[in-house]
Amino acid sequence: MSIRLAIFAALAGAAAVAVAQSGEDLRRYFEEGRKVAGQFARDLGGELRRELEATGPMRAIIVCKFSAPEVASSLSRMTGWRVSRVSLRTRNPALGQPDLWEQRVLAEFDRRAQGGEKAETLEFGEVVVEPGGRFFRYMKALPVERTCLQCHGPAEALSPVVKERLASDYPFDKATGYSVGQVRGAVTIKRPL
Ligand code: HEC
């Protein structure tokens, strides 16, 4: 196989080919993506903090479980873009599983965080052509903060009630063992062009 073909096959495997876009448009897409991702993180973080302070982690589990998809779908309805959250180590693989493009970006976020960049500054976006059309795709990292550790920290540090609840609701949970400053996952946005 020639090198060109090999590259094409690799890209086709990823089902996404990055294409050039005028700088002006790209900047605008970026800003709009950033705004929506910021809104998502703020809405969810605020609710989580309120619930943790008011009622503790058992009710807050509900926030991460039900409010996150709700906030995501309300933003999706408002913008017409697909807004969701993904992770390389999912708690709920049915909702949080990244596709190949997202896996690459998340791996790059991890690499950059390990290299000393602050997780809250990590973002990436580009225009891609996929079998389904042309999209602007954008991701913004969700950093692990102290509040996240109650449910995503080292398994031995979780309270017994949280541990029990997670074990019964999420038999495939891979989302423990994190420490502050790591990348827990990302908000991901897919906008048809
Ligand atoms: C009170 C417990 C709790 C806290 C605190 C918590 N989470 Fe979660 N998190 C969960 C649960 C439960 C899920 C699974 C949700 C579902 O069913 O889709 C989850 C899922 C996620 C996901 C989706 C990907 C996946 O693994 O399925 C991300 C991203 C995430 N949490 C990030 C965070 C971040 C960032 C924080 C801190 C700001 C945080 N969580 C705090 C319980 C929590």
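What follows is a short conversation about a predicted model, its ligand and a few of its contacts.

Visitor: Which residues come nearest to the ligand?
Guide: Cys 64, Cys 148, Cys 151, His 152 and Arg 184 do, out of the 21 residues around the ligand.

Visitor: What makes the approach of His 152 to the ligand a polar contact?
Guide: A polar atom in the side chain of His 152 is 2.9 Å from a ligand nitrogen. The cut-off for a pair of N or O atoms is 3.5 Å, so this pair qualifies as a polar contact.

Visitor: And how do you know that Tyr 170 and Arg 91 make polar contacts with the ligand?
Guide: The same reasoning serves for both. In Tyr 170, an N or O atom of the side chain lies 2.6 Å from an oxygen atom of the ligand. For Arg 91 the polar atom belongs to the backbone, and a ligand oxygen is 2.7 Å away. Both values are within 3.5 Å, so both pairs count.

Visitor: Where does the ligand sit?
Guide: You will find the ligand in the largest pocket. Among the elements around the ligand, α3 (57-79), β4 (133-143) and α6 (149-152) each give at least two residues to the shell. The largest share is that of α3, with 5 residues. By type, the shell has 11 nonpolar, 5 polar and 5 charged residues.

Visitor: Why are β3 and β4 called paired strands?
Guide: Pairing calls for at least two bridges, and 8 bridges join β3 (residues 123-130) to β4, so the two strands count as paired. They run antiparallel. For one example, look at Phe 124, whose bridge partner in β4 is Met 139. The two strands form a hairpin, with 2 residues between them.

Visitor: Why is the link between Asp 25 and Arg 28 called a salt bridge?
Guide: Their closest N and O atoms are 3.8 Å apart. The limit for a side-chain nitrogen of Arg and a carboxyl oxygen of Asp is 4 Å, so the pair meets it. Both residues belong to helix α2 (residues 23-54), 3 residues apart, which is about one turn of the helix.

Visitor: How many salt bridges does the whole structure have?
Guide: A search finds 16 salt bridges.

How values were computed:
Residues numbered from 1 in each chain as written. Predicted model: local features only at pLDDT ≥ 70, side-chain atom pairs only at ≥ 80, totals over all residues. Heavy atoms only, no water. Near = heavy atom within 4 Å. Polar contact = N/O pair within 3.5 Å; in protein donor to acceptor, adjacent residues only side chain to side chain. 1 Å grid on protein atoms, 1.4 Å probe; cavity = no way out; pocket = protein on both sides within 12 Å on 5 of 7 lines; lining within 4 Å. Sits in = over half its atoms within 2 Å of the grid points. Helix = DSSP H or I, 4+ residues; strand = E, 2+ residues; numbered from the N terminus. Nonpolar A, V, L, I, M, F, W, Y, C, P; charged D, E, K, R; others polar.
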